[in-house]
Amino acid sequence: MSQIDVNQDDLMRLLVGVAQGDRRSFQQLYESISGRMFGVCLKLAGQRELAEEALQEAFIQIWHHAREYHSDRGTPLGWMMTIARYRTLDLMRARKVRQHAGEDQLEQVEDHRAGPLDESLRDAGAAQLTGCLDELSDNQRDSILLSYYKGLTHDELSQALSSPIGTVKSWIRRGLIALKRCLER
């Protein structure tokens with residue numbers, strides 16, 4: 001199975017094997033989609049080292065959580081690509097904090113991790129949000145994620161995505177409208 005002709009049924013079969021701890025299935029899964037996932041990580045991060053780390057962490061998460069995949073979370077590929085996107089964004093945020101916080105400021109860093117209530121609410125809506133994000137075009141999804149998770153301005157998004165600012169604004173606006181409709185269903 002090559003990365004070009006990824007079949008959702010094959011991915012599902014491999015995910016079932018991974019959920020059962022089958023290392024061969026994990027290896028085949030990696031060989032099937034790692035190129036695509038790395039492309040997403042690299043596009044978001046803009047740094048090869050960070051993208052490689054995000055890809056590794058995404059596959060570790062897939063290995064440990066494969067049995068939690070359900071079809072209501074989207075396609076197998078969509079679910080795994082979402083994991084790669086979120087791991088990349090998490091690492092970008094973590095590195096940004098480390099780069100900007102001096103030793104004397106570390107005691108003042110606020111813990112932004114979610115509490116137990118936030119976790120349960122997030123888990124309840126995570127599957128629906130993931131499914132809705134998968135329905136967006138790649139440009140819409142990337143624009144929204146980079147804007148809201150990385151905090152890029154429209155000008156920075158325009159440069160990062162090599163697209164005119166008006167186009168980027170349209171992707172965000174249309175993507176948010178589509179997300180809202182999807183979440184209201």
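In the predicted model, a network of salt bridges links Glu57, Arg87, Asp90 and Arg93. One pair of residues within this network, Asp90 and Arg93, forms a salt bridge with an N to O distance of 2.3 Å. Both residues belong to helix H4, where a spacing of three residues places them about one turn of the helix apart. Asp90 is partly exposed, its relative accessible area being 27%, and Arg93 is likewise classed as partly exposed, at 34% relative accessibility.

In total, seven salt bridges are counted in the structure. A further example is found in helix H6, where Arg141 pairs with Asp138. The closest N and O atoms of Arg141 and Asp138 are 2.2 Å apart. Because Arg141 and Asp138 are three residues apart in helix H6, about one helical turn separates them. The two partners differ in their exposure: Arg141 counts as buried at 6% relative accessibility, whereas Asp138 is partly exposed with a relative accessible area of 48%.

Another salt bridge connects the side chains of Asp142 and Lys43, with 3.3 Å from N to O. Since Asp142 is part of helix H6 and Lys43 is part of helix H2, this pair ties together parts of the chain that are 99 residues apart in sequence. Asp142 is counted as buried because its relative accessibility, 6%, falls under the 20% limit. Lys43, with a relative accessible area of 44%, is partly exposed.

The protein chain as a whole contains eight helices and zero strands. Read from the N terminus, the order of its elements is α-α-α-α-α-α-α-α. Of the 185 residues in the protein chain, 38% are buried. Among contacts with a separation of 6 or more, 69% involve residues 24 or more positions apart. The accessible surface of the protein chain amounts to about 11,300 Å², and carbon and sulfur atoms account for 50% of this area.

In the interior, the largest nonpolar core comprises 39 residues. Within this core, the residues with the most contacts are Leu15, Leu29, Ile33, Met37, Ile62, Met80 and Leu157. Two or more core residues are supplied by each of helix H1 (8-19), helix H2 (23-45), helix H3 (48-65), helix H4 (76-100), helix H6 (138-149) and helix H8. The largest share, nine residues, is contributed by H4. When residues up to four places away in sequence are not counted, Leu157 touches Ser143, Leu146, Ser147, Leu152, Val168 and Ile172. A second core, separate from the one described above, has six residues, among them Cys132, Leu133, Ile144 and Cys182.

Two members of this second core, Cys132 and Cys182, are also joined by a disulfide with an S to S distance of 2.0 Å. The structure holds one disulfide. The link of Cys132 and Cys182 is left-handed, with -80° about the S-S bond. Cys132 lies in helix H5 (residues 116-135) and Cys182 in helix H8 (residues 165-184), and the pair thus links distant parts of the chain, 50 residues apart. Both Cys132 and Cys182 are buried. Another cysteine, Cys41, has a relative accessible area of 0% and is therefore buried.

At the surface, a nonpolar patch is formed by Tyr148, Tyr149 and Leu176. Together, these three residues have about 290 Å² of accessible area. Tyr149 is located in helix H6. With a relative accessible area of 34%, Tyr149 is partly exposed, because this value lies between the 20% limit for buried residues and the 50% limit for exposed ones. Helix H6 accordingly recurs in several of the features described: helix H6 gives two or more residues to the largest nonpolar core, holds Tyr149, and contains Asp142, the partner of Lys43.

Methods:
Residues numbered from 1 in each chain as written. Predicted model: local features only at pLDDT ≥ 70, side-chain atom pairs only at ≥ 80, totals over all residues. Heavy atoms only, no water. Helix = DSSP H or I, 4+ residues; strand = E, 2+ residues; numbered from the N terminus. Buried < 20%, exposed > 50% of the residue type's maximum accessible area, 1.4 Å probe, protein only. Contact = heavy atoms within 4.5 Å. Areas by Shrake-Rupley, 256 points an atom, 1.4 Å probe, with all protein chains shown as cover. Disulfide = S-S within 2.5 Å. Core = buried A, V, L, I, M, F, W, Y, C linked by side-chain atoms within 4.5 Å. Patch = residues over 30% accessible without salt bridge, like charges linked within 9 Å, V, L, I, M, F, W, Y side chains within 5 Å. Salt bridge = Lys/Arg side-chain N within 4 Å of Asp/Glu carboxyl O.
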